[in-house]
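Hi everyone, thanks for coming. I'd like to walk you through a structure today, one chain at a time, and then look at where the parts touch.

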Amino acid sequence: MGLKIVVLAKQVPDTRNVGKDAMKADGTVNRAALAAIFNPEDLNALEQALRLKDKYEGSTVSILTMGPGRAAEIIRESLYRGADDGFLLTDRAFAGSDTLATSYALSCAIKNFSKVDVIICGRQAIDGDTAQVGPQVAEKIGWPQITYAEEILECTSQKIVVKRRLEKGIEIVEGKLPMLVTVNSSAPECRPRNAKLVMKFKHAKTISEKQAGDQDYIDLVDERPYLNINEWSVNEIQADANWLGLKGSPTKVKEIENVVFQAKESKRLSPDDFDIESLMRELIANHTIG
Amino acid sequence: MANFYTDNPGLKFQLSHPLMKKIVTLKENNFADKDTYDYAPRDFEDAIDSYDKVMEIIGEIAGDVIAPNAEDVDHEGPHVENSRIIYAKGTQENHDALVKAGVYGISLPREFGGLNFCMVPYLMSADIVCRADAGFGNIWGLQDCAETIHEFASKEIKDEFLPRVVNEGATCSMDLTEPDAGSDLQAVMLKATYNEKDGWWYLNGVKRFITNGDAEIKLVLARSEEGTSDGRGLSYFVVDNPKDASLKVRRIENKMGIKGSPTAELVFTNVKAKLVGQRRLGLIKYVMSLMNGARLGIGGQSVGISEAAYREALAYAKDRVQFGKAIIEFPAVYEMLSLMKAKLDASRALLYETTRFVDVYKAYDLVAEKRPLDKDEKEDQKTYNKLADGFTPLLKLMSSEYANQNTYDSIQVHGGSGFMKDYACERLYRDARITSIYEGTSQLQVVAAIRHVTTGAYLAQMRAYLSEKVTPELEGLRTRLSAMADLYEKRITKVVDKKDNEYIDFHARRMVEMAGYIIMGCLLVSDATRNDEFVKSAEVFVNYAEAEVTKNASFIKSLNHKNIGLYKQL
């Protein structure tokens, strides 16, 4: 008996390569200057899902993401790696959502799936770094959750066994399905795109992309149902618009401070045992480590 | 987060060559697979887009997995444990990543699970992978053996072995050389005996210098005809490596370079084998075909190494400050770098031109399996076959020599630091050294190429290139190349007219190289016509080629043919 797995993923600005123009004058992220990528820990989550699919015959992996139209790209990226289908939650009403409104929207969307055994998502996204969305989704749908997962060791109808990576060690925990799991970056990296899957799914489109005039191989998309990426708006997930977008987001950004690293805070060490040892002593003494 | 395909626009440029349409249309048999396989292309643009996307996957694995592993693989190397080869950790990781990406079997037909790509993207993958790690490039490149099985073996053998290459990532080896049979493969002694009772062939003997010797699937050249002593007594066999005492790895060589690629000595004791194709055609047909593919592969490997060497040198020269400025600002350094780049671009131009020729004639073979070719098609196939025969040894010769020169210069740019193990150029230098030796030394490439000098085939192709349209700013270069072609013609006429084979052999390398310089110059001018990015390399290369052609011409002119005895050493 296969598992029905849903992976929550997010398209994020690539904050790992931040240049001078990364922030706008008003303190918000200049999304135009940063490449949009698959949130790295969501890729770790996808890999865990695909491993379950490989291990338990008949399992399926669906990707659920919320974002603007271009977020369809990460759904295609997931299909290229072995996901079965994808759902893009997109609507103007979602714009400006904080973690509370986002998790509300995602939890409404989850209810659209007939039966889900496991939800897997990355621990946190590299744009906000809150690590709130996964746990909040679990709360809203009334599911238990296991956070900081490094590996899902077992997942059957009886139980799910997960190895957690914590600050000071590892922990192996068990739970019952259904379960929401958030995955750390210490989990195995996601597999590469598969050549045949890329060729199979490269023409996959959302209805908005079709309407926006992307007519390439449109006959093929009409002919092959798997090339249609599902798109859901507020109406399709039966959500209350008051809980969405800016209206549903209590988080307000008061101020953004630009932290500049000062050279005087740095210290030069020679690459020898003496310097390394004294640094270690210093770090232990001031409780940075140990 | 490196991608060795997308960071190198010269690669995608090759996918846009005008001849690609003809190649892809033939190879895809007018896109007949499009309704049978969900990953088959609908049309030409769709096919090129698929090539592009799959090269991007390989580029990412090369940049993110293979290149970062290269140094450790070079230090660790493979080892032998209980007569079996264990790869270095990184080698195994590289291989597993490519298997997961589903790119093994890149050129095999879809009915065996392959991607059915033509040779251009296949060689491009070698170019990309070898830039990351030339040694690993051999393990990747040995899937050529699957191509040989596909071309010559029975359906039963194809069905048994080919899907394993694709699905399990079964690696291959071609077991040709023996202690007393290196360049001269006619001397192969490993014995193949047919057993009437069980219908198997049994192999007994020793093979040496076998790349990836403990591969799952082995193609073995063996003497099937008792009492024979030349190439006509040899047949080709496929072995499903039993991984037991019957096929032992006696040792692996401690090599100068490409250390990640295991080179083994093997002992066969009653190893079960199946015959590929017909008896007696092992060397004279099948190995010759495999060898041409392998030489093309070394071309790809050489270009990949040149690319890596150039990039390392460029980055260092920009970074290193001496006498108050970056060393790239000194003429002695920037000239060296621009010549490295020109040799790199010229090698790459020749690599893909040769590959396109191979592609056309091989694609016709595939068409011929489905329907008889008409007269024009047969004629066309013959033309491209001849061009491929002429260009393959030229490519192997020139690109491998340039890989050596570029890695030498890369170390030179690094100065004393380049002599240390801390910089990648040191490994590249060692890795490059084999390229002008294996799959036929440079001297043997000259032997294969000289015929195309004496018959005028190279000259005809030069003239054909020189009659193509170029942009006005490239007219000057074309005129100079044309004068070089005239000089080349004059000198070969002088040599050939003497009707003395030893004299021709004596000057063979000089003449073949002259042809190489001129043809590569023509190809760069052609690339520059389609893309401004190549104008600089075209100019630099033609300057260099002109000097080299003149040098060789001068030597041929001034040496009296009766005086070649002077060069004989006792």
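Let me begin with a question: in what order do the strands of the open sheet in chain A run? The order is β9-β8-β7-β10-β6-β1-β4-β5-β12-β11, which makes 10 strands with mixed pairing. Please keep in mind throughout that this is a predicted model.

Now look at the two ends of that sheet. β9 (169-175) and β11 (205-206) of chain A are the edge strands, and each has a single partner, so one side of each has no neighbour in the sheet. As a reminder, strands of a sheet pair through backbone hydrogen bonds, either parallel or antiparallel. For an antiparallel example, take β7 (residues 145-155) and β8 (residues 160-166) of chain A, which are joined by five bridges. One place to find this pairing on your screen is A:Cys155, whose bridge partner in β8(A) is A:Ile160.

Let's step back to chain A as a whole. It has eight helices and 12 strands. Its C-alpha atoms fill a box of roughly 70 × 50 × 40 Å along the principal axes. Why can we say that its radius of gyration agrees with a compact globule? Because a compact globule of 290 residues would come out near 19 Å, and chain A has 21 Å. Of those 290 residues, 39% count as buried. If we take contacts in chain A with a separation of 6 or more, 70% of them join residues 24 or more positions apart.

One residue to click on here is A:Asn112, in the loop between α3 (99-110) and β6 (118-122) of chain A. Is it buried or partly exposed? A:Asn112 counts as partly exposed, because it has 15 C-beta neighbours inside 10 Å. For a sense of distance, the C-alpha atoms of A:Asn112 and A:Pro271 are 58 Å apart, with their positions 159 residues apart along the chain.

On to chain B. Here we have 17 helices and 11 strands, and the C-alpha trace spans about 70 × 60 × 55 Å along its principal axes. The radius of gyration of chain B is 24 Å, which agrees with the value near 25 Å for a compact globule of 570 residues. Buried residues make up 52% of this chain. Among contacts in chain B with a separation of 6 or more, 76% are between residues 24 or more positions apart.

There's a nice run of strands to follow in chain B. β4 (residues 191-194) and β5 (residues 201-211) of chain B pair in the antiparallel sense over four bridges, and within that pairing B:Thr193 has B:Tyr202 as its bridge partner in β5(B). Six residues lie between the strands of this hairpin, and there B:Gly199 takes a positive phi near 75 degrees. β5(B) also pairs with β9 (residues 263-276) of chain B, antiparallel again, over eight bridges. In that pairing, B:Thr211 stands opposite B:Thr263.

How is chain B divided into domains? The assignment gives domain 1 (1-141), domain 2 (172-280), domain 3 (289-349 + 379-440) and domain 4 (441-567). The centres of domain 3 and domain 4 of chain B are 20 Å apart. Across that boundary, 20 residues of domain 3 of chain B are in contact with 24 residues of domain 4 of chain B. On the domain 3 side, α10 (331-370) and α11 (375-414) of chain B each give two or more residues, and α11(B) gives the most, with 10. By class, that side has 10 nonpolar, five polar and five charged residues.

Let's turn to the nonpolar core. In soluble globular proteins, nonpolar side chains tend to be buried together. The largest nonpolar core here has 250 residues, and those with the most contacts inside it are A:Val7, A:Ala105, B:Phe237, B:Ile518 and B:Met520. Leaving out residues up to four places away in sequence, B:Met520 touches B:Ala346, B:Ala349, B:Leu350, B:Met398, B:Phe541 and B:Ala545.

Last stop: where the chains meet. Here 15 residues of chain B are in contact with 12 residues of chain A. On the chain B side, α3 (44-76) and α4 (89-100) of chain B each contribute two or more residues, with α3(B) giving the most, six. That side divides into eight nonpolar, two polar and five charged residues. Thanks for listening, everyone!

Note on methods. Residues are numbered from 1 along each chain as its sequence is written. Chains are lettered from A and ligands numbered from 1 in the order in which they are written. This is a predicted model: local features need pLDDT of at least 70, side-chain atom pairs count only at pLDDT 80 or more; totals for chains, interfaces and linings use all residues. Domain bounds come from an automatic or database domain assignment. Two residues are in contact if their C-beta atoms, placed from the backbone, lie within 7 Å. Ala, Val, Leu, Ile, Met, Phe, Trp, Tyr, Cys and Pro count as nonpolar, Asp, Glu, Lys and Arg as charged, and the others, Gly among them, as polar. The radius of gyration is taken over C-alpha atoms; the globule rule is 2.2 Å times the number of residues to the power 0.38. A residue is buried if 20 or more other C-beta atoms lie within 10 Å of its own, exposed if 12 or fewer, and partly exposed in between; C-beta atoms are placed from the backbone. A nonpolar core is a set of buried Ala, Val, Leu, Ile, Met, Phe, Trp, Tyr and Cys residues joined through C-beta atoms within 7 Å. Two strands pair if DSSP finds at least two bridges between them.
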